[in-house]
Amino acid sequence: MKKLVQDFEVLQRKELNDEHFVLDVKALEPLPEIHPGQFVNVLVKDSNTTFLRRPLSIHFVDYERNTISLYIKKIGDGTKKLGELKEGDTLNIVYPLGNQYSIPNNANTLLVGGGCGVAPLLYLAKHLKEAGNNVTTLLGVRSEKDAVELDAYKEYGNILVTTEDGSFGEKGYPTQHSVLEKEKFDYVFTCGPEPMMKAVAAYSAQKNIPCEVSLENTMACGFGACLCCVTETTEGNKCTCTEGPVFNINDLKW
Amino acid sequence: MVNLGVKLKDLSLKNPVMTASGTFGFGEEFEDFIDLSNLGGIIVKGTTRHHREGNPYPRMAETPSGMLNAVGLQNKGVENFCKEIYPRIKHYDTNILVNVSGSVIEDYVETAAMINELEHIPAIELNISCPNVKEGGMAFGTSCASAASVVKAVREVYKKHLMVKLSPNVTDITEIAKAVEAEGADSVSLINTLLGMAIDAETRKPLLSTVTGGLSGPAVKPVALRMVWQVFNAVNIPIVGLGGIMNAKDAIEFILAGATAIQIGTANFIDPQVTEKVVVGIEDYMKRHNVQDINDLIGALPIQ
């Protein structure tokens, strides 16, 4: 798949809560095929402390509007600057990068997201539903105000939430949710903080369910040139950007 | 038409823009973004006698106007390069240089001898300046005696253009440059990364698995420019300048300081099309300043 570097036009910025926002950006040429799990690397302007691009998961693709949606958490100055972009602004993007989640057919699938790691799961849920799968999305957040975009997930299946403070859904971490014992899943997909993904991987391994995780290693280029984002696999160091970000847990040394 | 062609002794470049080793993969990673034939040369990933896994993650930290890396020469070894990679890239219509590194002199010699047999590789860049390996690497490039000994040994087996990449982590880079010139180096490239370090105050941990790493990007440009100018005034062989070049203006500055050619490194990560833009930008600069031949700009710094 050919990688591109292009200017996109900002269509809108939706604030989800005080930390997270979704940026819809419109391609000036027809979008290429983009797979769930892939990411973009965006150029941040006017930030003295942001030297490198910022890799961001693709949250959603709307081919009718020719847009990509990016789910972003304000962490440092770079992501804060992205949170100041307005309609009509330009965003330079290198994409589509990385591999993709596997899409089974007619299976019972579980998607587990935590924090900013929910980013790639919405587009994945769409593809899974279109392939005839039953989709359950389980989001782990801190409290009710972080449980956002639930209606969007509902379009593609069930949506379940855990909150750390118990203000919404079940109290606790996603790996403590009752659905994990109640229901039998055929595939598990996860993205989020590493401790959460490791707990999801342990659950999947114990139940003997295939499990794919998306890693967020820091990187410079995003297309296999810098060799900075490696993760240890059973076949040696692999670049998260080109051979990931999605890995089957059996291939990782977790 | 302005002339952009330069010569590093016997090695002709269609323009002075090359890519820095370790920032450009094997060229293939950039084929989607640019036409490689528009470049003066590409210097592929550092290659060693044997396979190296490199250092553990994390290997990179962003810093003000730059980045630290501690990749540690991850590569599959010279035999893999000759058998698997070379056949895929040998058709590129540009100069392909292999960056050769090692832990002991014998490794450098064996690797260089094998690359010497590859018809479409007209030169090697001898890396005596990698700061991210425990043995060898930069250790060879930080004393005149060891720099001279490795260049002398490689010169005996390597018959084509021998470029030697110098470390900035020395007291006087001109002494090292003179030492490698005396042993038969055809050109020198400088600078490799500056040894640096980053700490996360919140977690009180180093940001790199190796604690220290190599600093690159615009943060090092003034240091690199100074060293190119010093070496230009100390040796007679051509100089390839690098260190934080982000655009054509930066490239022109290195040429004015004495570089015959330049390499673009870290900037490739931020704009994968930057190399082509620099070629065009140099040409625009020459037209704007009414310079017919790029060679007229090399070292053309009037110093009172």
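## Looking around a predicted model

Q: How many of the 6 residues of strand β7 (residues 95-100) of chain B are buried?
A: This model is predicted, so keep in mind that a residue counts as buried here when 20 or more other C-beta atoms lie within 10 Å of its own. Strand β7 of chain B is mostly covered. The number of its residues that are buried is 6 of 6.

Q: Which residues of β7(B) point the other way from B:Asn95, B:Leu97 and B:Asn99?
A: Here's a handy rule: in a regular strand, side chains alternate between the two faces of the sheet. In β7(B), one set is B:Asn95, B:Leu97 and B:Asn99, and both sets are buried. The ones pointing the other way are B:Ile96, B:Val98 and B:Val100.

Q: Over how many bridges do strand β4 (residues 41-47) of chain B and β7(B) pair?
A: Strands of a sheet pair through backbone hydrogen bonds, either parallel or antiparallel. For β4(B) and β7(B), the pairing is in the parallel sense. You can spot B:Ile43 opposite B:Leu97, and B:Gly41 opposite B:Asn95. The bridges between β4(B) and β7(B) number 5.

Q: Which residue in β8(B) does B:Asn99 stand opposite?
A: Now hop from β7(B) to β8(B). These strands run parallel and are joined by 4 bridges. Opposite B:Asn99 in β8(B) stands B:Glu125.

Q: What is the bridge partner of B:Glu125 in β9(B)?
A: Keep hopping: strand β8 (residues 123-127) and strand β9 (residues 161-165) of chain B pair in the parallel sense over 5 bridges. Within β9(B), the partner of B:Glu125 is B:Met163.

Q: What is the bridge partner of B:Met18 in β4(B)?
A: Let's go back to β4(B), where 7 of the 7 residues are buried, so the strand is largely enclosed by the rest of the structure. It pairs with β3(B) in the parallel sense over 2 bridges. The β4(B) partner of B:Met18 is B:Gly41.

Q: In what order do the 8 strands of chain B close into a barrel?
A: Put those hops together and the strands of chain B close up into a barrel, with parallel pairing. Neighbouring strands of this sheet are turned by 25° against each other on average, if you ignore direction. The order is β3-β4-β7-β8-β9-β10-β15-β16.

Q: At about what angle does helix α6 (residues 248-257) of chain B run to β16(B)?
A: This helix lies across β3 (17-19), β15 (239-241) and β16 (261-264) of chain B. Its angle to β16(B) is about 145°.

Q: Which helix gives the most residues to the largest nonpolar core?
A: Nonpolar side chains tend to be buried together in soluble globular proteins. Here the largest nonpolar core holds 180 residues, and A:Val40, B:Ile124, B:Val188, B:Val228 and B:Ile262 touch the most other members. With 7 residues, the top giver among helices is helix α5 (residues 221-232) of chain B.

Q: Why does this core lie between two domains of chain A, and which are they?
A: The core lies between them because both give residues to it. They are domain 1 (4-97) and domain 2 (108-214).

Q: Is A:Gly78 buried or exposed?
A: A:Gly78 is among the residues that UniProt (unreviewed entry) annotates as "binding site", together with A:Arg54, A:Pro55, A:Leu56, A:Ser57 and A:Thr79. It lies in helix α1 (residues 77-82) of chain A. A:Gly78 touches A:Val44, A:Ser47, A:Thr50 and A:Arg54, not counting residues up to four places away in sequence. Its 22 C-beta neighbours inside 10 Å reach the cut-off of 20, so A:Gly78 counts as buried.

Q: How many other C-beta atoms lie within 10 Å of A:Thr79?
A: A:Thr79 lies in helix α1 of chain A too. Leaving aside neighbours within four places in sequence, it is in contact with A:Arg54, A:Ile72, A:Lys73 and A:Lys74. A:Thr79 is buried, and its number of other C-beta atoms within 10 Å is 20.

Q: Which residues of chain A span 21 residues in sequence, yet gather at one spot?
A: Another "binding site" feature comes from UniProt (unreviewed entry). No two C-alpha atoms of its residues are more than 10.0 Å apart, so they gather at one spot. They are A:Cys221, A:Cys226, A:Cys229 and A:Cys241.

Q: In the loop between which strands is A:Cys229 found?
A: A:Cys229 counts as buried, with 28 C-beta neighbours inside 10 Å. Its contacts, leaving aside neighbours within four places in sequence, include A:Cys239 and A:Cys241. The strands on either side of its loop are β12 (211-214) and β13 (230-233) of chain A.

Note on methods:
Residues are numbered from 1 along each chain as its sequence is written. Chains are lettered from A and ligands numbered from 1 in the order in which they are written. This is a predicted model: local features need pLDDT of at least 70, side-chain atom pairs count only at pLDDT 80 or more; totals for chains, interfaces and linings use all residues. A nonpolar core is a set of buried Ala, Val, Leu, Ile, Met, Phe, Trp, Tyr and Cys residues joined through C-beta atoms within 7 Å. A residue is buried if 20 or more other C-beta atoms lie within 10 Å of its own, exposed if 12 or fewer, and partly exposed in between; C-beta atoms are placed from the backbone. Domain bounds come from an automatic or database domain assignment. Two strands pair if DSSP finds at least two bridges between them. Axes are lines fitted to C-alpha atoms, for helices over the stretch in contact, and angles run from 0 to 180 degrees between N-to-C directions. Two residues are in contact if their C-beta atoms, placed from the backbone, lie within 7 Å. UniProt positions are given in the numbering used here, feature names are shortened, and annotations may be inferred rather than shown by experiment.
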